[in-house]
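Dear colleague,

I am passing on the structure below, together with notes on what turned up when I went through it. Please read the notes with the model open beside you.

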Amino acid sequence: MLRRLSLAVAGGLLLTSAVAGCGASDEAGSGGNSGGGGDDKITLGFSQVGAESGWRTANTKSVQESAASAGIDLKFSDAQGKQENQIKAIRNFITQRVDVIAFSPVVESGWGTVLKEAKDANIPVILTDRAIDDPDTTLYKTFIGSDFVEEGKKAGQWLVKEYEGKSDPVNIVELQGSPGAAPANDRKSGFAEVIKADPKFKVVASQTGQFTRTDGKAVMETFLKSQPDIDVLYAHNDDMGLGAIEAIEAAGKKPGTDIKIITVDAVKDGMTALSENKINFIVECSPLLGPQLMDLVKKAKGGETIPQRVITKETTFTPEQAKEALPSRQY
Ligand code: GYE
């Protein structure tokens, strides 16, 4: 849906220095300096999805720390997983006349009206982490984040290789991310596209686990009851996979051996489980978007042309690679 070209940003850029301190965080509705205030500080209104996962917590920290070190006045608002809260926060940012609005959309659809309001108010909008499905790309300046379809494909490619030369059916259960979110839609479709090439792969159950450990565990419990023969679990993020591991162990099975597990994100807890062979493969999705985002905010405020799409560079991990990467892992 979104144009897919442009700049692949070197991983090194993601590692630019981050300064500790959290004075930059503020509530969307709490008034404060407007963008047109006396000083030259850029004001950024940022609406976050919530705090559903380890990825999200690391992303919030990255945004807050990078705003502080870039000297940007951050008005941070937590949508608690609800699109209506995000729409409210964006409207508040418009009323406050912030310089730039960035947000990580809870779901893909339903943004046309509020983004048109931002456009009419001449406030540039940056999509962070997640895409929207509106065909009008003039509603935002750029979209910075991962290619989730590609992530799903990488998960599928690992599986195809793992079962190469075998002909027995492979029964897969899938824990999807929150319904309607770009990473849930795209990780599902990318994976499906790759595995459909071989009919031995069968997704026997697929349900949302809301990107959380609690739901990942609960849904895996139901899968274990309803599916007598599960070979593989594909979870759209580490947290759901970690919850599922608890359910698998409680059912007397060995995660990573009796049931092979693939997840996405590569946060520390996921990488630890991978290094212990409880997970078999993780597709990385970097949450450290803060430094690049602040750079784009400054450019958007300065009226500079910026690429329509900035894709985060990322890799994949096997247990061996996880052991190597863990000591220097930032999140
Ligand atoms: O993978 C998941 C989180 O949008 C990429 O959201 C993000 C996803 C991430 O809750 O853990």
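Which residue in β5 is the bridge partner of Ile 101? The partner is Val 125, and the pairing around these two residues is a convenient place to begin.

Before that, a word on the basis of these notes: this is a predicted model, in which local features need pLDDT of at least 70 and side-chain atom pairs count only at pLDDT 80 or more, while totals for chains, interfaces and linings use all residues. Residues are numbered from 1 along each chain as its sequence is written, and side-chain values use heavy atoms, with hydrogens and water left out.

The chain holds eleven helices and 13 strands, where helices (H or I, at least four residues) and strands (E, at least two) are DSSP runs numbered from the N terminus. Of its 331 residues, 56% count as buried, buried meaning under 20% relative accessible area, exposed over 50% and partly exposed in between, with a 1.4 Å probe and protein chains only. The accessible surface comes to about 14000 Å², and 49% of this belongs to carbon and sulfur atoms; the areas come from the Shrake-Rupley method with a 1.4 Å probe, and for residues only the protein chains shown count as cover. Among contacts (heavy atoms within 4.5 Å) between residues at least 6 apart in sequence, 77% join residues at least 24 apart.

To return to β5, strand β4 (residues 100–103) pairs with β5 in the parallel sense over three bridges, two strands being counted as paired if DSSP finds at least two bridges between them. β5 is also joined to strand β6 (residues 142–145) by three bridges, again in a parallel run, and there Leu 127 stands opposite Phe 143. Both faces of β5 (residues 125–128) are covered, since Val 125 and Leu 127 on one side, and Ile 126 and Thr 128 on the other, are all buried. Together with helix α4 (residues 112–120), β4 and β5 make a right-handed β-α-β unit; right-handed here means that, with the strands pointing away from the viewer, the path from the first strand over the helix to the second runs clockwise.

A second unit of this kind, also right-handed, is made by β2, helix α2 (residues 54–70) and β3. Strand β2 (residues 43–48) and β3 pair in the parallel sense over six bridges, with Lys 75 in β3 as the bridge partner of Gly 45, and five of the six residues of β3 (residues 73–78) are buried.

In the loop between β5 and β6 lies Asp 129, which has a positive phi of about 75° although it is not a glycine, and which is buried with a relative accessible area of 4%. Phe 211, in the loop between β8 (201–208) and α7 (213–226), likewise is not a glycine and has a positive phi of about 70°; its relative accessibility is 4%, and it counts as buried.

The largest nonpolar core has 64 residues, and those with the most contacts inside it are Ile 101, Ile 126, Leu 159 and Ile 172; such a core is a set of buried Ala, Val, Leu, Ile, Met, Phe, Trp, Tyr and Cys residues joined through side-chain atoms within 4.5 Å. Domain 1 (7–145 + 286–312) and domain 2 (148–285) both give residues to this core, so it lies between them, the bounds coming from an automatic or database domain assignment. A second, separate core of 29 residues includes Ala 205, Phe 223, Ala 235 and Leu 242.

Val 173, in strand β7 (residues 170–176), counts as buried at 0% relative accessibility. Leaving out residues up to four places away in sequence, Val 173 touches several residues, among them Ala 205, Met 220 and Phe 223.

Finally, an open sheet of six strands has the order β8-β7-β9-β10-β11-β13, with mixed pairing. β8 and β13 (316–317) stand at its edges with a single partner strand each, so one side of each is left without a neighbour in the sheet. Within the sheet, four bridges join the parallel strands β10 (residues 260–265) and β11 (residues 281–284), and Val 264 has Val 283 as its bridge partner in β11.

With best wishes
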